[in-house]
Amino acid sequence: MNNIRSTLATVWRIASPYFNSDDKWAGRGLLAAVVIIELASVFLTVLFNRWNNVFYNALQERDQAVFTYQIGYFCVLAAFWIGLKVYQLYLNQWLQIRWRRWMTTRYLGGWLHDANHYRMQLLGDAADNPDQRIADDTQRFVEQTLTLGIGLLSAVVTLASFVFILWGLSNQAPLHLFGKDLAIPGYLVLGALVYAILGTVLTHVIGRPLVDLNFRQQRFEADFRFNLVRTRENAEQIALLHGEPAERTRLLDRFGFVVGNWLDIMQRTKKLTAFTATYSQAAVIFPYVLIAPAYFANKIQLGGMMQTASAFSSVQDSLSFFITAYRTLAEWQSVVARLDGFENSIRGGDALAQRQDIIHVKPTGGDAIDLDDLLVTLPDGKPLLAADGFSLRDNERTLVTGPSGAGKSTLFRAVAGIWPFGRGSVNIPAKASLMMLPQRPYLPIGSLHDAVVYPGQAASYDAGQVREVLAAVGLPQLAARLEEEAHWNRMLSLGEQQRLGIARALLHAPQFLFLDEATASLDEPSEAALYRLIAEKLPDTTVVSIGHRSTLDAFHQRNISLVRDGDRFTLRDKVEAAAS
């Protein structure tokens with residue numbers, strides 16, 4: 001019971017924001033329409049039930065006039081039924097896509113807000129495969145919540161409607177055993193109730209493991225798909241290392257989890273299906289077994305018998321809702337758990353950014369980036385590097401060097417405001433623009449124009465500007481391909497990608513440009529040409545570089561070295577006069 005309440009509370013927390021959002025009136029209106037149509041469908045079911053009595057009595061009495069009239073009446077009811085079902089499906093699907101669109105927008109906003117997606121990764125694997133949760137789980141949640149919710153409403157209303165009918169029929173056709181009438185009020189209702197309760201309990205006992213199995217199946221499927229994508233993205237490296245056998249073995253191992261868990265689902269589903277199929281088939285004959293003695297004792301006509309069977313079936317179907325929907329309920333519960341975990345992970349990332357015991361990025365009125373009492377740590381709290389009273393001065397080209405693992409890239413992340421672990425503050429000039437160029441720049445799939453100007457909008461930079469910077473960084477051959485759409489991270493060599501990164505910087509002209517080995521894949525003459533280009537095209541930009549080549553000294557006015565000091569590294573300033 002506690003688990004049911006917890007699940008329902010989680011569903012309410014996930015679902016209710018949509019119906020209170022800016023799309024609430026459309027959502028509420030569509031939901032109300034779907035509900036009203038379902039209620040109308042139940043009313044038609046009651047009319048069909050009454051039709052059974054009259055129609056089969058006409059057959060028994062060979063009354064052709066009544067028979068013909070009832071055929072026409074049935075056609076009218078059927079026409080209304082068909083129209084209701086068509087528009088119920090149409091409005092339901094309309095509500096689904098609006099609701100899913102709103103949830104997708106909301107989750108993308110929370111996931112991609114202010115580097116929250118990166119902090120969620122740093123916090124661990126609390127929300128694996130966010131792509132699946134946003135793309136697949138939202139679709140399943142919306143569809144299954146509506147299906148189960150409308151189904152439950154229909155079951156309740158149908159039960160309320162037909163219990164009275166079945167109760168009245170129980171009085172008209174009392175239980176007849178051994179030639180005697182037994183006065184058991186509402187015995188048909190009682191029979192349906194006992195039958196459904198017994199079936200529900202047994203179904204839950206047999207099918208309960210499916211909840212965890214479905215949860216694990218979704219995770220294994222997502223992990224397998226994610227690793228397939230990683231193999232595709234790193235095809236060149238795998239081919240160069242001749243790693244296909246190792247990759248195939250690794251992927252088959254991942255797929256082995258999918259197969260193993262699926263076999264467990266098959267075994268459990270086989271048992272559940274065997275029971276539910278038996279239960280459903282027995283339910284067809286069970287009401288006739290109950291009412292047949294009264295029929296053969298001439299206590300009820302054929303029409304009454306058929307109406308009783310129909311009403312019993314409606315009551316029994318309503319009471320058996322959880323039996324027929326159990327597999328969907330099991331999958332739905334796992335989807336709810338995954339979305340709940342994703343929301344908790346989003347909140348965890350946001351909460352981490354609001355904590356006081358982290359590195360804070362603050363605006364300042366100066367013109368330099370100041371590091372005050374800064375201690376950068378690993379996520380487990382282990383110290384990495386420290387800096388206090390240190391400044392990255394405006395319009396000064398600075399080179400950061402040090403051993404691998406000293407925390408140079410992590411220092412850049414802290415300055416960018418995406419590495420929270422540690423203490424102290426990074427004070428950045430108010431309204432200053434920063435751009436970080438990593439060793440492997442990110443190039444979104446799409447047109448080359450979009451990839452170069454990212455994260456800006458293509459309309460903000462005309463084709464002439466983009467062609468000019470491409471030629472400047474040594475990629476004039478790409479100037480004619482601006483509108484070509486491709487996966488540029490796979491189409492271009494790493495050196496060409498790094499040239500595109502520099503072209504991006506030239507377009508955006510940031511106040512502070514951080515180059516994290518952003519030219520390391522180029523030969524030294526090409527690297528030198530790009531640094532001279534930056535100095536020429538961005539004379540007012542403060543450049544901070546991470547690099548290991550001694551040739552970079554010539555293009556920087558200041559050299560900062562990370563040296564070990566006990567359990568951490570510290571920044572040491574070596575002022576060296578170097579040629580511009």
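**Note on the predicted model: domains, helices, pocket, cavities and backbone**

1. The domain assignment divides the protein into domain 1 (1–173 + 326–354), domain 2 (178–299) and domain 3 (360–573). The model is a predicted one, and the points below should be read accordingly. Between the C-alpha centres of domain 2 and domain 3 the separation is 53 Å.

2. The unreviewed UniProt entry annotates residues 30–51, 71–91, 146–167, 187–207 and 272–296 as "transmembrane region". Two of these spans may be compared with the model. Residues 71–91 are 100% helix and 0% strand, with end C-alpha atoms 30 Å apart. Residues 272–296 are likewise 100% helix and 0% strand, and here the end C-alpha atoms lie 36 Å apart.

3. Helix 7 (residues 210–233) contains 24 residues. From its first C-alpha to its last it reaches 34 Å, close to the 34 Å expected at 1.5 Å a residue. Its buried residues include Leu-210, Val-211, Leu-213 and Phe-224, and also the polar or charged side chains Asn-214, Gln-217, Gln-218, Asp-223, Asn-227 and Thr-231. Ala-222 is buried as well. As background, an α-helix has 3.6 residues a turn, so residues three or four places apart point the same way.

4. Helix 10 (residues 302–319) has 18 residues, which should span 26 Å at 1.5 Å a residue; the end C-alpha atoms are 25 Å apart, and the two values therefore agree. This helix is mostly covered, with 13 of its 18 residues buried.

5. The second largest pocket holds about 1100 Å³ of space. It is lined by 32 residues, of which Leu-8, Leu-152, Phe-322, Leu-329 and Trp-332 are the closest to its centre. Two or more lining residues come from each of helix 1 (2–15), helix 2 (24–61), helix 5 (130–172), helix 6 (187–207), helix 11 (321–324) and helix 12 (326–354). Helix 1 gives the largest share, 7 residues.

6. Which domains contribute at least three residues each to the lining of the second largest pocket? They are domain 1 (1–173 + 326–354) and domain 2 (178–299). By class, this lining comprises 22 nonpolar, 9 polar and 1 charged residues.

7. Across the whole structure, a search finds 2 cavities of 30 Å³ or more. The largest cavity has a volume of about 50 Å³. Its lining consists of Leu-371, Phe-390, Leu-392, Val-400, Leu-411, Phe-412, Val-415, Phe-514, Val-544, Ile-560 and Leu-571. In terms of class, these are 11 nonpolar residues, with no polar and no charged ones.

8. Strand 6 (390–392) and helix 13 (408–416) each provide at least two residues of the lining of the largest cavity. The largest share, 3 residues, is supplied by helix 13.

9. Several backbone features merit inspection. Most residues other than glycine have a negative phi, and most peptide bonds are trans. Against that background, the peptide bond from Tyr-454 to Pro-455 is cis, with omega near 5°. Pro-455 is located in the loop between helix 14 (448–453) and helix 15 (463–472).

10. Asn-395, a residue other than glycine, has a positive phi near 60°. Its place is in the loop between strand 6 and strand 7 (398–401). Is Asn-395 buried, partly exposed or exposed? Asn-395 counts as partly exposed because its relative accessibility is 39%, and the partly exposed class runs between 20% and 50%.

11. Ala-509 is not a glycine either, yet its phi is positive, at about 45°. Ala-509 lies in the loop between helix 17 (494–508) and strand 12 (512–516). With a relative accessibility of 41%, Ala-509 also counts as partly exposed.

12. Met-120 belongs to helix 4 (residues 116–122). Its relative accessibility is 6%, so Met-120 counts as buried, the cut-off being under 20%. Thr-231, one of the buried residues of helix 7, is 111 residues from Met-120 along the chain, and the C-alpha atoms of the two are separated by 23 Å.

Conventions:
Residues numbered from 1 in each chain as written. Predicted model: local features only at pLDDT ≥ 70, side-chain atom pairs only at ≥ 80, totals over all residues. Heavy atoms only, no water. Helix = DSSP H or I, 4+ residues; strand = E, 2+ residues; numbered from the N terminus. Expected span 1.5 Å × (residues − 1). Buried < 20%, exposed > 50% of the residue type's maximum accessible area, 1.4 Å probe, protein only. UniProt positions renumbered as here; feature names shortened; annotations may be inferred. Domains from an automatic or database assignment. 1 Å grid on protein atoms, 1.4 Å probe; cavity = no way out; pocket = protein on both sides within 12 Å on 5 of 7 lines; lining within 4 Å. Points joined across faces, edges and corners; volume = space filled by probe spheres on them.
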